[in-house]
Structures are given as C-alpha cells and as structure tokens.
Amino acid sequence: MDVHRTIDDVTRRIIERSAPSRDRYLDRMDQAASKGPARAHLSCSGQAHAYAGAGSDQQALATGSAGNLGIVTTYNDMLSAHQPFERFPDLIRSAARDAGGTAQVAGGVPAMCDGVTQGEAGMELSLFSRDAIAMATGVALSHNTFDAAVFLGVCDKIVPGLVIAAQSFGHLPAVFLPAGPMTSGLPNDEKAKVRQQFATGEVGRDALMAAEMAAYHGPGTCTFYGTANTNQMLMEFMGLHLPGASFVNPNTPLRDALTEEGAKRALSLSALGNNYTPACKVLDEKAYVNGIVGLMATGGSTNLLIHLLAMARAGGIHLDWQDFSEISEVVPLVARVYPNGLADVNHFHAAGGLGYTIHTLMDEGLLHPDTTTVAGQGLAEYTREPKLIDGALVWQDGAGTSLNEKILRPAADPFQGTGGLSRLTGSLGTGVMKVSAVAPEHRIVEAPARIFNDQEEVKAAFKAGEFTGDVVVVVRFQGPRANGMPELHSLTPVLSILQGRGQKVALVTDGRMSGASGKVPAAIHVCPEALDGGPISQLQDGDLIRVDAVSGDLEILTEGVLDRDPVQADLSGNEFGTGREMFALFRRNVSRADAGATVFGDF
C-alpha cells in the first residue's frame with residue numbers, strides 16, 4: 001500500500017526544512033567513516049593503554065580484524081530498570097568472541113529515575129540528565145577505538161541521551177539492547193486507587209508503601225506505558241532494536257539470546273564487513289516520522305514531544321510540534337495500556353505487541369516501510385517475533401490479528417480515529433496534552449484559574465479545602481530555564497480526586513508531567529515559559545481559561561490579561577542543593593521546550 005498522503009507530505013516537509021543541516025551532518029559522518037577507527041593508528045603506548053585491561057582479548061585487539069565493539073552502559077543496581085544490565089557485558093563479550101571479535105565497556109553513563117525523584121529537588125536535574133548522558137557517552141566513545149557500539153539503556157532521559165550521542169558518532173553502527181519490563185505485579189489501577197486514598201487520608205503510609213512495593217517488585221522497567229516503555233517502542237519503530245526485543249522480561253533465556261545476537265549484529269554491521277550500516281543511515285527523516293507515528297498510535301509519553309526534537313536535531317533533522325499534530329490527525333489510537341487502559345506492557349506484548357502494531361499500521365499505509373534498520377532493509381522485519389527453539393534464536397511471523405482487542409486493535413477499527421497526543425495553541429501560548437487517557441467528557445474545560453508558582457502550593461491549597469468548584473490549576477515557573485522543567489506527576493492524585501468529585505478540572509503548566517500522565521486534562525510544556533515573560537506569567541487568580549483538546553485551543557478568555565506586566569518570581573531556591581548548582585550553565589543556555597529543551601544546537 002502507498003504511504004498515506006499526510007505522512008508523505010510531513011516527511012517531505014521535514015526533509016526540505018532539514019536539508020542544509022542534514023547535508024552538513026552527513027558530510028561529517030562520511031569524513032569520520034573514511035578515517036576509520038584510530039585503534040590501528042594509535043602509538044604502541046596508546047594501544048597498550050587501551051588493551052591492558054582486556055585480559056585474554058589483548059592479543060585479538062592488537063592483531064585481529066573482526067572488530068571491536070564498544071559497550072556504553074547505564075548499569076546501576078539502585079534502579080530496577082537498569083539492574084539487569086549487570087550481566088550484559090559478559091554476555092556481549094562472549095558473543096563477540098564467538099563472532100571472532102572483541103568487546104569492551106567503553107564507559108558508564110548516569111541513569112536516574114523520575115519515579116524516585118518525583119516531587120523532590122533531584123527532579124530538577126532530570127531533563128538535563130539527558131544532555132549530560134549524551135556528553136558522557138561522547139567521552140566514552142572519544143577514544144575512537146571501536147568499530148561499532150551497543151547501547152544499554154531503557155528509561156526516561158536515558159535512551160534519548162544515548163541516541164543523541166549515537167548520532168554524534170553516527171559513522172558507527174549502533175544497536176540498542178533493552179533490559180525488558182519487570183513481570184506484572186499489583187495492577188496499576190489498584191496502585192493508583194491506593195495513592196488517591198492516601199492523598200485523602202483514607203489509608204496510612206503503611207498501606208501506601210505495601211501497594212507501591214507490590215507494584216514495583218523486581219528487576220526491569222515499570223510495567224505502565226510511561227516514558228521508559230515509550231522509548232522501547234521508538235527503538236523498534238526506528239529500527240535500532242532487534243525485532244521484538246523491547247518487551248521480553250529480564251533474566252530469561254530469550255532475553256539473553258537477544259542480547260548476544262544484538263552484539264553479533266552490531267559487529268556484522270561495521271565497515272570491516274560487506275554490510276556496513278552506520279547509525280546515520282538508520283536514523284533518517286523517515287525513521288523519525290515512523291517514531292512519531294508509533295508515539296501517536298500507542299498513546300505514548302508526552303516527554304517524547306521534547307526528546308524527539310532534541311534527538312532529531314543531533315542528526316541535522318528539524319522536527320516541530322506541527323509535524324506531530326498533523327500526524328496525530330491521521331494516525332489512529334490502536335493500543336490501550338495503562339494509564340490509557342487497564343493492561344500493562346506485558347499484557348500488550350502478549351496481545352501481539354509491537355509486531356502486530358507495526359503490521360496493522362503498515363497495512364493502512366501509515367508507516368514508511370522502506371527504512372534501513374539494524375535488522376536489514378525494510379520495516380517488515382519488525383512484524384516478526386523472536387523465538388528460542390531448541391536453543392536457537394529464530395524469528396517467525398508475528399500475530400496477523402490482535403489476540404486481545406480490549407488492549408490492541410487493528411488500525412482500520414481503532415479505539416479512536418486520531419492519535420494519543422494533541423498540540424494546543426492560543427493566546428496562552430503553545431502546549432501539548434496526552435489525550436489518550438482523558439475521557440471525552442473531560443477534554444474541554446472552561447473555568448477560573450488558580451495560580452501557583454510551585455507544586456507544593458497546590459497540595460497545600462488542596463489540603464486546606466480551597467478547591468470547591470471548577471478550576472484550571474496553573475503551575476508556572478516550571479520551565480527548563482526556571483528550574484530544569486521537573487515533572488509534576490505528584491499532582492496527579494490531587495487533581496484526580498477533584499475530577500472524581502464531579503468538578504471540571506485541568507492543569508496548565510510550563511513544566512512537564514510524567515509519561516504516566518493520567519485522566520486529568522493537562523496542557524503541559526507551555527511556551528513561552530513564565531521566566532521568558534510568556535502569557536502564563538501574566539495570569540491572576542480568577543482569570544477565565546479555556547483548555548480544549550478537541551479543537552486544540554489554549555485560550556485566555558478574560559480581557560486585558562496580556563496588558564499586564566509579567567510576574568517575577570524568586571527562583572533562588574532552585575539554584576543550590578542536590579547538585580543543582582552544577583547545572584546553572586544548562587539553565588542559562590537551554591532552548592525552549594518546543595525546540596527540544598536542549599543545550600545542544602545542530603551537531
């Protein structure tokens with residue numbers, strides 16, 4: 001089937017818009033590829049330094065020609081999503097030796113968890129950690145001793161940071177190796193119910209702790225469809241995972257087999273062989289459009305509306321939120337995974353998973369089928385699923401139909417006809433909303449505003465019983481320049497309670513919400529942010545606001561608001577503690593949210 005006209009038109013527009021910077025980027029990658037790895041050109045002393053810790057691989061590094069694989073890892077054993085990576089380097093080294101090559105850990109990069117830092121000062125480093133991860137990966141690969149690289153990362157800012165760096169070294173093949181989701185625990189809706197009960201004082205902290213521990217109970221990613229699992233979806237849609245690798249549980253024979261095969265695949269794609277496939281060839285304009293389609297079709301995390309802009313920019317590709325909006329208009333929502341439904345990612349995977357999702361979207365002409373991937377030419381490879389048969393890893397045709405249409409539906413008969421994310425614009429600025437989890441009756445809110453400069457002020461007002469009618473809660477000075485743009489997910493239980501009481505309620509903020517953004521309509525990432533004097537800084541209590549996810553309107557209805565002087569806030573409390581002082585340079589130089597909230601320009 002031909003590619004849908006809108007998908008094709010948006011892609012052509014991106015190609016035209018990006019042409020100058022993309023051409024410069026590809027020229028640099030060609031030059032880097034022509035020079036090859038510096039390993040063979042290092043001095044004897046330099047080579048000795050690089051090989052001294054390699055044990056039995058020293059001689060192969062000094063004289064072999066099958067390739068040396070760099071491993072960039074986000075391993076730590078404080079976070080469940082990254083704990084499984086502890087075993088991966090040994091698996092990768094063994095697989096590389098089987099292929100006649102070698103593998104070395106090039107470096108470790110930081111990996112923080114937004115779930116731990118929600119509502120804490122550390123959350124103000126979260127978004128900036130993406131660019132710090134990219135920089136740390138650059139340091140890891142700067143020795144230029146590798147023929148290909150594998151990237152071990154899963155969660156929120158981590159995969160985007162690794163992708164940014166992989167494009168900086170885009171002359172090298174890059175394969176991303178996930179850890180997989182933890183097995184299913186306490187259902188997400190039951191966990192959310194206990195959180196709301198705690199917020200109203202119905203249950204104590206002991207009950208809350210028991211519920212959280214039952215939900216987050218083992219190694220692997222959280223099982224809801226937040227940013228971490230949205231990242232995994234993107235890596236398949238964009239061709240950087242092996243097909244079907246995203247949602248295989250950790251520490252299983254199939255997971256290990258996929259890790260080993262990923263290492264061998266990365267080596268096979270190096271310039272030393274006949275199938276040279278650098279990352280810059282995989283991550284082109286069509287791959288990014290496919291990623292946006294996947295985001296819309298599955299109702300993925302709003303964080304990716306920021307990350308994808310920054311990721312693409314690193315490869316000389318310029319995306320904007322209008323691209324997302326137009327794609328969302330023609331891409332149906334085919335998945336219901338919490339918070340968009342009751343299922344978790346394990347249930348989604350069992351229902352047909354990403355293989356079926358890609359299959360049904362391709363059938364409707366909503367994906368570019370002719371992309372280059374680490375699995376070969378064409379996205380059709382990603383409709384197949386891995387199996388371990390008699391100890392051998394093989395790929396077989398995936399599900400041709402959904403195995404549970406309450407979770408996953410054909411694109412021709414979707415849950416809704418448009419995508420799961422919407423762009424909103426108007427006199428209040430530009431923002432985005434995750435609408436896939438918001439019931440249709442809650443998608444339009446017109447109500448007086450209550451203005452806050454801090455999320456703790458919102459919680460205090462709730463506890464004081466101040467929210468008695470319909471309300472648009474405005475939380476400002478939460479943008480990237482103000483305080484690093486923390487997620488405000490800890491407001492979700494409070495706002496959900498108000499909505500449950502029958503009140504019309506919406507959130508408007510220049511900050512972020514979690515990838516688990518819930519049932520309350522939230523216009524987030526509002527630009528310009530308050531610190532830049534955006535209209536959000538001119539609002540006062542009682543101003544009438546309209547948040548309309550149906551028409552895409554974000555409007556101030558009270559006259560004269562834009563004639564007021566912008567409010568100034570004391571942000572000195574955001575500058576120190578928990579490492580924040582080290583990121584002052586980021587806050588001063590970060591771009592707007594609708595430009596990726598990044599300290600990097602074109603590479």
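Biologist: How many disulfides does a search of the whole structure find?
Modeller: Zero, with a disulfide taken as a pair of cysteine sulfur atoms within 2.5 Å. For C113, the nearest cysteine sulfur belongs to C222 and is 5.9 Å away. Keep in mind that this is a predicted model, where local features need pLDDT of at least 70, side-chain atom pairs count only at pLDDT 80 or more, and totals for chains, interfaces and linings use all residues. Residues are numbered from 1 along each chain as its sequence is written, and side-chain values use heavy atoms, leaving out hydrogens and water.

Biologist: Is C113 buried or partly exposed?
Modeller: Partly exposed, because its relative accessibility is 24%. Buried means under 20% relative accessible area, exposed over 50%, and partly exposed in between (1.4 Å probe, protein chains only).

Biologist: And why does C280 count as buried?
Modeller: Because its relative accessibility is 10%.

Biologist: New topic: how many residues of helix α7 are buried?
Modeller: Ten of its eleven, residues 158-168 being the helix. Among the buried ones are I158, P160, L162 and Q167. Helices here are DSSP runs (H or I, at least four residues), numbered from the N terminus.

Biologist: At roughly what angle do α10 and α13 cross?
Modeller: Roughly 135 degrees, for α10 (residues 227-237) and α13 (residues 285-298), with their axes coming within 8 Å. Axes are lines fitted to C-alpha atoms over the stretch in contact, and angles run from 0 to 180 degrees between N-to-C directions.

Biologist: Which residues of α10 make the contact?
Modeller: T230, M233, L234 and F237, with heavy atoms within 4.5 Å counting as contact. On α13, the contact residues include N290 and L295.

Key: Helices (H or I, at least four residues) and strands (E, at least two) are DSSP runs, numbered from the N terminus.
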